[in-house]
Amino acid sequence: MAGLLQGHIAAVTGGGSGIGQGICQAYGREGARVIVLDANLEGANETVGLVTAAGGKASAVKLDVTDRQACRAAAAEIARSGNISILVNNAGINRRNPITGDAAAVTKDWDDILSINLDGVFNVTHAFLDQLRASRGRIVNIGSIQSFVHVSWPNSAAYTTSKHGVLGFTRALAAELGKDGVRVNAIGPGLIETRINAEARARNPDMVAMVMRHTPLNRAGKPEDIAGPAVFLASDMSAYVTGSIIMADGGFRTV
Ligand code: NAP
């Protein structure tokens with residue numbers, strides 16, 4: 001049976017780890033040719049190995065999403081072997097420090113988080129825009145519970161701001177690119193067990209307990225919990241869905 005993404009070329013930023021790696025594996029299984037973009041080439045190569053071992057097609061490109069010129073160069077190089085039709089803006093970082101803390105640290109957090117989580121989304125999207133318009137493509141941005149709320153997640157002004165920005169960008173692009181047949185949506189993961197939060201989970205069990213009290217499904221998520229919504233939003237099954245965010249958070253925002 002043909003996969004849901006047969007014939008598609010998908011680029012996934014931050015595809016070398018965690019949620020991005022899970023999405024790459026699912027896209028490969030559904031028949032897309034996957035281009036794993038990551039600042040961490042070792043991780044990207046690991047993902048390529050996982051996709052190809054399962055019978056899929058994938059290649060790795062080292063890319064720092066904060067480097068606008070490098071994003072343009074990578075997009076131009078990738079176009080030589082075909083326009084992408086799916087872009088997943090997934091690369092991201094998180095640090096939790098109170099805004100009232102050390103000024104230098106707070107300022108660095110702000111600069112680093114906004115430049116990767118928000119400017120990076122713009123840089124990559126803009127670099128691939130012509131390809132996505134030509135292929136009437138689909139963009140999937142990775143937001144967060146923190147695209148909406150902050151009170152339960154203290155000490156993360158920069159991250160919350162970046163993820164609100166991701167949702168705003170998603171909606172603005174959906175409105176602007178609909179006429180070109182490009183759909184733009186987001187996914188809002190809850191607590192997903194990946195490297196981004198491994199240290200926080202180990203050091204701060206109270207944080208995990210707080211999240212679980214807010215999670216009717218009563219478990220943390222795994223990268224594959226995000227892969228399903230990511231396949232849906234990239235496939236024709238969501239042909240009339242744009243400007244939306246699918247929360248894959250175990251129900252966090254309902255309680
Ligand atoms: P992860 O396991 O740390 O994966 C993030 C990947 O992005 C890593 O491979 C990382 O490379 C890469 N990356 C970091 N900076 C980059 C840059 N400047 N350019 C290109 N690649 C870069 O984290 P994850 O949990 O899968 O996170 C993926 C996305 O989901 C992020 O946007 C995150 O905010 C979002 N999210 C995660 C959760 C969660 O609970 N895990 C919840 C909500 C939203 P390095 O190995 O070099 O760091």
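This is a short dialogue on reading strands, loops and surface in a predicted model.

Q: Let's start with the sheet. In what order do its strands lie, and how do they pair?
A: Read across the sheet rather than along the chain. Here the order is β3-β2-β1-β4-β5-β6-β7, an open sheet of seven strands with parallel pairing.

Q: Which strands are the edge strands?
A: Look for strands that pair on one side only; in this model they are β3 and β7. While you have the sheet in view, note its twist too, which averages 20 degrees from one strand to the next.

Q: How many bridges join β2 to β3?
A: Bridges are a handy way to follow a pairing residue by residue. Strand β2, residues 33-38, and strand β3, residues 57-62, run parallel and are joined by six bridges. To find your place in the register, take Asp38, whose bridge partner in β3 is Lys62.

Q: What lies between those two strands, and is the unit right-handed or left-handed?
A: Follow the chain from one strand to the other. Helix α2, residues 41-53, joins β2 and β3 in a β-α-β unit, and that unit is right-handed.

Q: Could we try another pair? How many bridges link β5 and β6?
A: Gladly. Strand β5 (residues 138-142) pairs with strand β6 (residues 183-189) in the parallel sense, over five bridges. One point to look up is Asn141, which has Ala186 as its bridge partner in β6.

Q: And how should I picture the side chains along a strand?
A: In a regular strand, side chains alternate between the two faces of the sheet.

Q: On to backbone angles. Which residues around β5 have a positive phi without being glycine?
A: Two are worth a look. Arg136 has phi near 50 degrees and sits in the loop between α4 (103-134) and β5. Asn155 has a positive phi of about 60 degrees and belongs to the loop between β5 and α5 (157-177).

Q: Is Asn155 buried, partly exposed or exposed?
A: Check its relative accessible area, which is 36%. Partly exposed covers values between 20% and 50%, so Asn155 is partly exposed.

Q: Last, the surface. Which residues make the nonpolar patch of about 280 Å²?
A: Here we look for nonpolar side chains that share a stretch of surface. Leu4, Phe232 and Met237 make this patch. Met237 lies in the loop between α8 (223-234) and β7 (245-248).

Q: Why does Met237 count as exposed?
A: Because its relative accessible area is 58%, and exposed means over 50%.

Definitions and conventions
Residues are numbered from 1 along each chain as its sequence is written. This is a predicted model: local features need pLDDT of at least 70, side-chain atom pairs count only at pLDDT 80 or more; totals for chains, interfaces and linings use all residues. Side-chain values use heavy atoms; hydrogens and water are left out. Two strands pair if DSSP finds at least two bridges between them. Helices (H or I, at least four residues) and strands (E, at least two) are DSSP runs, numbered from the N terminus. A crossover is right-handed if, with the strands pointing away from the viewer, the path from the first strand over the helix to the second runs clockwise. Patches are made of residues with over 30% relative accessible area and no salt bridge: like charges are joined within 9 Å, nonpolar side chains (Val, Leu, Ile, Met, Phe, Trp, Tyr) within 5 Å. Accessible areas come from the Shrake-Rupley method with a 1.4 Å probe; for residues, only the protein chains shown count as cover. A salt bridge is a side-chain nitrogen of Lys or Arg within 4 Å of a carboxyl oxygen of Asp or Glu. Buried means under 20% relative accessible area, exposed over 50%, partly exposed in between (1.4 Å probe, protein chains only). Axes are lines fitted to C-alpha atoms, for helices over the stretch in contact, and angles run from 0 to 180 degrees between N-to-C directions.
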